[in-house]
Amino acid sequence: MTGWGWLPYKAAAADAVKKIRAFAAGRHDSPSIGIGMTAAGVDGFRRSHHQALMARSVAVAGSEQGPTVLAASDPGLSMAALLAADVGKAREWVADTLGDLAGHNENDARLRETLWVYLRCGCSYKLAAEELILHFNTVRYRVGRAVARRGRRIDDDRLDVEAALLLCQWYGTAVLQPSR
């Protein structure tokens, strides 16, 4: 498809994902579900099926509260699935990248979330504070604590830090270190 002709299909696909999530949320016996993106033809079906399998693998590995529904179109999901094809190796890499910030505890989770939003907001304390509904100084303090827990600056390997935070977002405790 060219031009804007794909918009109705994209909207319909997003609506289908929303309906599947609502249906699964209303059932106590719902399995973890992975949804691929729609594509035309046999090759499109194969690609969508592969995406669904990858999304489901993230749903199964990262489901702390039980079954979940994930779609390949969820921002960052496909990348997380590719990065963590081996969850054990991903856990080691996350620990190497985030240092002590990779701990499975409430404080580190709060610091990781703040750092994630701060980086996503272009390293703006002000924009991150607005998104997190926190005071500017609270965001600055938490980012400073996150960097201190990590044990080294973020500027040197920012892409690795963002990828590690992405894995933490999607996989949760599956890629974190047990609390000491």
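The exercises below, each with a worked solution, deal with the fold, the helix packing, the cysteines and selected residues of one predicted model.

Residues are numbered from 1 along each chain as its sequence is written. In this predicted model, local features need pLDDT of at least 70 and side-chain atom pairs count only at pLDDT 80 or more, while totals for chains, interfaces and linings use all residues; side-chain values use heavy atoms, with hydrogens and water left out.

**Exercise 1. Describe the overall make-up of the protein chain: its secondary structure, its box and its buried share.**

Solution. Begin with the secondary structure, where helices (H or I, at least four residues) and strands (E, at least two) are DSSP runs numbered from the N terminus. The protein chain has eight helices and two strands, and reading along the sequence gives the pattern α-β-α-β-α-α-α-α-α-α. Next take the extent: along the principal axes, the C-alpha atoms fill a box of roughly 50 × 35 × 35 Å. Then turn to burial, for which buried means under 20% relative accessible area, exposed over 50% and partly exposed in between, with a 1.4 Å probe and protein chains only. Of the 180 residues in the protein chain, 37% are buried. Finally, with contact meaning heavy atoms within 4.5 Å, consider the contacts with a separation of 6 or more: residues 24 or more positions apart account for 64% of them.

**Exercise 2. Work out how helix α5 crosses helix α8, and which residues meet there.**

Solution. Axes are lines fitted to C-alpha atoms, for helices over the stretch in contact, and angles run from 0 to 180 degrees between N-to-C directions. On that basis, the axes of α5 (residues 106-120) and α8 (residues 158-171) come within 10 Å and cross at roughly 125°. Angles under 35 degrees count as roughly parallel, over 145 as roughly antiparallel, 65 to 115 as roughly perpendicular and the rest as oblique, and α5 and α8 are therefore oblique to each other. For the hand, a crossing is left-handed if the near helix is turned anticlockwise from the far one by less than a right angle, and right-handed if clockwise; the crossing of α5 and α8 is left-handed. From α5, the residues R112, L115, W116 and L119 meet R158, V161, E162, L165, L166, C168 and Q169 of α8. This contact divides into seven nonpolar, one polar and three charged residues, where Ala, Val, Leu, Ile, Met, Phe, Trp, Tyr, Cys and Pro count as nonpolar, Asp, Glu, Lys and Arg as charged, and the others, Gly among them, as polar.

**Exercise 3. Repeat the analysis for α5 and helix α6.**

Solution. The axes of α5 and α6 (residues 125-132) come within 8 Å and cross at roughly 125°, and the two helices are therefore oblique to each other. The crossing of α5 with α6 is right-handed. Here E113, T114, V117, Y118 and R120 in α5 are in contact with Y125, A128, E131 and L132 in α6. By class, that contact holds five nonpolar, one polar and three charged residues.

**Exercise 4. Determine how many disulfides the model contains, and examine C121 and C123.**

Solution. A disulfide is a covalent bond between the sulfur atoms of two cysteines. The criterion applied is a pair of cysteine sulfur atoms within 2.5 Å, and by this rule the count is zero. For C121, the closest cysteine sulfur is that of C123, at 9.5 Å, which is too far for a bond; C121 itself is buried, with a relative accessibility of 15%. C123, by contrast, is partly exposed at 30%, and C123 lies in the loop between α5 and α6.

**Exercise 5. Find where C123 and I133 have phi values of positive sign, and state the setting of I133.**

Solution. Most residues other than glycine have a negative phi. Phi of C123 is near 60°, a positive value, and phi of I133 is near 55°, also positive. I133 lies in the loop between α6 and α7 (136-150) and is exposed, at 74% relative accessibility.

**Exercise 6. Characterise the surroundings of A55 and D108.**

Solution. A55 is in helix α2 (residues 41-62) and is buried, at 1% relative accessibility. Leaving aside residues up to four places away in sequence, A55 touches G34, I35, L70, A71, A72 and L77. D108 is in helix α5 and is buried, at 1% relative accessibility; with the sequence neighbours up to four places away not counted, D108 touches D100, L101, G103 and R149.
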